Structures are given as C-alpha cells and as structure tokens.
Amino acid sequence: DLDFATSLPPERTKAILAAMPNGGLYDIGEQYGTIGVIIPGPTNTDAPVTVEITTFRSEQYEPGSRHPVVAYGTSIEDDLSRRDVTVNAIAVDARDGRIIDPFYGQADLHMGLLRAVGNPDDRFAEDPLRLLRVARFVSQLGFAVEPETKAAMTRQAPTLARISRERVLAELTRLLTGDYPDAGLDILLETGLFGVAMPELAALEQDALGPAGPNREKDLWDHTRRVVAQAPPRPVVRWAALLHDAAKPLTRSADARGEVHFFGHERVGADLASRLLRRLNADNRTQAHVRRLVEMHLRPAAYDETWTDSAVRRLALEADGVMDDLLDLAAADVTSARAHKQRAAAARVQGLRDHLARLEAEQALDQLQSPLDGNQLMAMFDRKPGKWIAEIKNHLRDLVIDGDLAPGDTETATVIARELMRGTDLTSS
C-alpha cells in the first residue's frame, strides 16, 4: 500500500505520471491534492501496483464543518502534523530511506499505543470520524489508547453526530471485523461513543454500565463482546453477534420464584437490528440478513438427536440463504466457563451440521437418478414390468452421473430409451 507525499502541486504530479509508459491515472481526490496511478508490476506475472501521491497538506477546517479547506503545506512535517495518531504520522524518504518521525510514532508503535498527534481535542474536533478510527485501530491492532487521547475521545464523543451515517457504518463494520473486536467495543463503551454511534442500543449500554444488582443481567456485555470475538469475521455475522441479545434489557421479567426470563428477545432484537441498520443506511441485503440471524439465533441451540428429518428441513427452509451464518453464530454463542456446557453446545451445533449434510447428500443422490421412472417407461412402450425397466433406468442414471444427461431432461432420456429398445434385445426381457 504505497502512499507518497510530495512538494509538487497536483497538476504537476499528474503531468509527470501521465507521461509514464503503461501507467493508468485514476481519480482518487484531485480536489484534495491526491493523484492515483496504477503501474505494471516488475514482471509480467506480478500484479499491478497502485500508488497514491498527495501534495503536502496543512488542512484547516471551517468552524462547525467537517469539510476541510485544503491548504498546501511546505514540508513533510506539515503534512504529518495533520494525521490522526502518531503511528500514522511516520514517513520514509524514498530517496535515502531516512525515517521522518516528528511525533515519535515509532516509540508508540513499539509500545502498542494509540496517541493523537498534537492536541487530541483539536485532532478530533477537525474530523470527529477520527474518534471511531481510533476505536477501529484498537480492534484491528490490539493497541491501547493513551490516557489523554482517551479522555479527549470521551469529551468529543457527542461531536460524532456530525458525521454521515454511511461513514459511521463503514467504521463500525471495520471495527466489528477486526482481530480484537471485544477491545474495540470496550473503547466505544468507555468513551460514550457506543451510544452516540448506535443510540438504538441505549438499553444495552445502560445495562453494561449500570451497577450489578437483581435487575441487571451482569454478564450480558461480557457475553456479547465474547460472542462477537468468537464469531467468524464476516460483517453480517459480527453484526448479528453484537445484536443477538441486545433486546434482553428490554424484555427482562421475573417469575414468582425470582427466575429471570427474556421472552421474545429474539423478535424484539430483530426489530431493533432493522432500525439500527436502516438508520445507518446499510444495504437491504445486510439489513435482511442480520435481522433473520438475530430472529433465529436460538433455533440451533434447541437441536437434539430426536429431531426428525422434516424438522431439520423446515429449519433449513426458514433459514434459506443464512444457514451457514446461523450455524456459525450459534457456535460462537457459547461463552460458559464450564467445559461440559461448552462441549454439549458444540455437540449440538455439530450434530445439526451433520444432519443437514446428510440430508443434502441424500437429496443430491436423489437427483442423480434416471429422468424416467418405471411407470413412464411402461406407458411409453406399453409393456408390463420386468428386468428391461431396470436396465434402461440404470443406463440413464449412469449418463446422469457422468454428466452426459441432465437429471430432468426427460425429452433426451426418451430418445435414448427408444434407441436402447431398438438396438438391444431388451424387448425379449
């Protein structure tokens, strides 16, 4: 990922790149001083290389606006001073390999620390999306946030409301699909960004931050963050993992014996997921996919060896298009510290996987049959049952297995059957 900075104005950079042989210019943001070019790899077998070249910048922001007024800087140090965190404010001189690190980003890199460049309040006020970017870096890198930077994130959290929903959705999705999403979610919660970015989850946030007591499911937040971390890093699965129990605080009840229940939390949670993702302008497929996963997330946990084939087929039909994700979510939705519970839950999910695989294999075998059955053959040739039927059907089935005849191609199968009857002594069978 090659990003260059230069003292040349963008029009001069563009002219130089346009004169290069075999290079392909593309529009990446010329109005902000960035010119993109795709150049061939060193050999014919190497992939093309994408390069972005940006004129040194010293951005200024209009008060109350997230749109920068671009001002070209005079040095790489000017350019680096407008970066978000110090580990992103390091450059290498392409001429001699000299490292330029005016904000000691290398030291923070070695310590695994995210520190804002300069005054953290100023950095976040310039572009509040940086608040989510820091949380996303925590999720992707497993780094900690420097205390002053974290304090500024808390102070500046309300300003995130200025950022477009699409940009918020993109950053949250990157955070959820990182290698350390539980740590990223903790930063969102601790700084107040969680509720600003996702106000629909206010009840979950309050539950996580509230004091322990009889009206609080004390392990809900820990369970949620662990399920997210254990789920495969596919966006829809990670979003469903975050939302699968988010409606529990809204559906909590206690019976006469004091036992706590969350009746219907999967249905309420599905509605909540739809509202959240719709407000963030997620695409329709993502909205529908996540909603169905949340609504059905309890179903695989009910499976046992007494389920009939028809019950498994019914579940597969209801989960059409999301079954693999549903099973992965169910497998992740096991956070008990007790080993026997983990083994039992894993066995249930694996049992359901095996049952589905067996039904799919049987269905595939059923399709690898002769397109014509015995009744059709007897009607076609006006003959009584006999060995001749099995011989024709076996021949047709072999053609289907070899891929020379489609399973439902009765027209071609009829022609072949008639040729067989004419060309062999089947009529004497």
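Start with the second largest pocket of this predicted model. Its lining is made up of 21 residues, and the ones nearest the pocket centre are His 223, Asp 245, Asp 333, Val 334 and Thr 335. The space inside comes to about 510 Å³. If you want helices to orient by, look for α11 (220-230) and α18 (339-367), each of which puts at least two residues into the lining. Sorted by class, that lining holds 9 charged, 7 nonpolar and 5 polar residues.

Now for some helix pairs, beginning with α7 (residues 165-176) and α12 (residues 235-243). Their axes sit 9 Å apart and make an angle of about 90°. Since angles of 65 to 115 degrees count as roughly perpendicular, that is the label for α7 against α12. On the α7 side, the residues in contact are Leu 169, Leu 172, Thr 173 and Leu 176, and they meet Pro 235, Arg 238, Trp 239 and Leu 242 of α12. By class, this contact has 6 nonpolar residues, along with 1 polar and 1 charged.

Next, move along to α14 (residues 265-279) and α15 (residues 284-296). Here the axes are 8 Å apart and the packing angle is about 160°. An angle over 145 degrees is classed as roughly antiparallel, so α14 and α15 get that description. The crossing of this pair is right-handed. From α14, the contact takes in Glu 266, Arg 267, Gly 269, Ala 270, Asp 271, Ala 273, Ser 274, Leu 277 and Arg 278, while α15 brings Thr 286, Gln 287, Val 290, Arg 291, Val 294 and Glu 295. Split by class, the α14 and α15 contact has 6 charged, 5 nonpolar and 4 polar residues.

The last stop is the pair α20 (residues 387-401) and α21 (residues 410-423). Their axes come within 11 Å of each other and cross at roughly 130°. How do they end up classed? That angle falls outside the parallel, antiparallel and perpendicular ranges, so α20 and α21 are oblique to each other. The crossing of α20 and α21 is right-handed. As for who touches whom, α20 offers Trp 388, Ile 392, His 395, Leu 396 and Leu 399, and these meet Ala 413, Ile 416, Ala 417, Leu 420 and Met 421 of α21. In class terms, the α20 and α21 contact has 9 nonpolar residues and 1 polar one, with no charged residues.

How values were computed:
Residues are numbered from 1 along each chain as its sequence is written. This is a predicted model: local features need pLDDT of at least 70, side-chain atom pairs count only at pLDDT 80 or more; totals for chains, interfaces and linings use all residues. Side-chain values use heavy atoms; hydrogens and water are left out. On a 1 Å grid over the protein atoms alone, a cavity is a set of points where a 1.4 Å probe fits but cannot get out, and a pocket is an open set with protein on both sides within 12 Å along at least five of seven lines; lining residues have an atom within 4 Å of a point. Grid points are joined across faces, edges and corners, and a volume is the space filled by probe spheres set on the points. Helices (H or I, at least four residues) and strands (E, at least two) are DSSP runs, numbered from the N terminus. Ala, Val, Leu, Ile, Met, Phe, Trp, Tyr, Cys and Pro count as nonpolar, Asp, Glu, Lys and Arg as charged, and the others, Gly among them, as polar. Axes are lines fitted to C-alpha atoms, for helices over the stretch in contact, and angles run from 0 to 180 degrees between N-to-C directions. Angles under 35 degrees count as roughly parallel, over 145 as roughly antiparallel, 65 to 115 as roughly perpendicular and the rest as oblique. A crossing is left-handed if the near helix is turned anticlockwise from the far one by less than a right angle, and right-handed if clockwise. Contact means heavy atoms within 4.5 Å.
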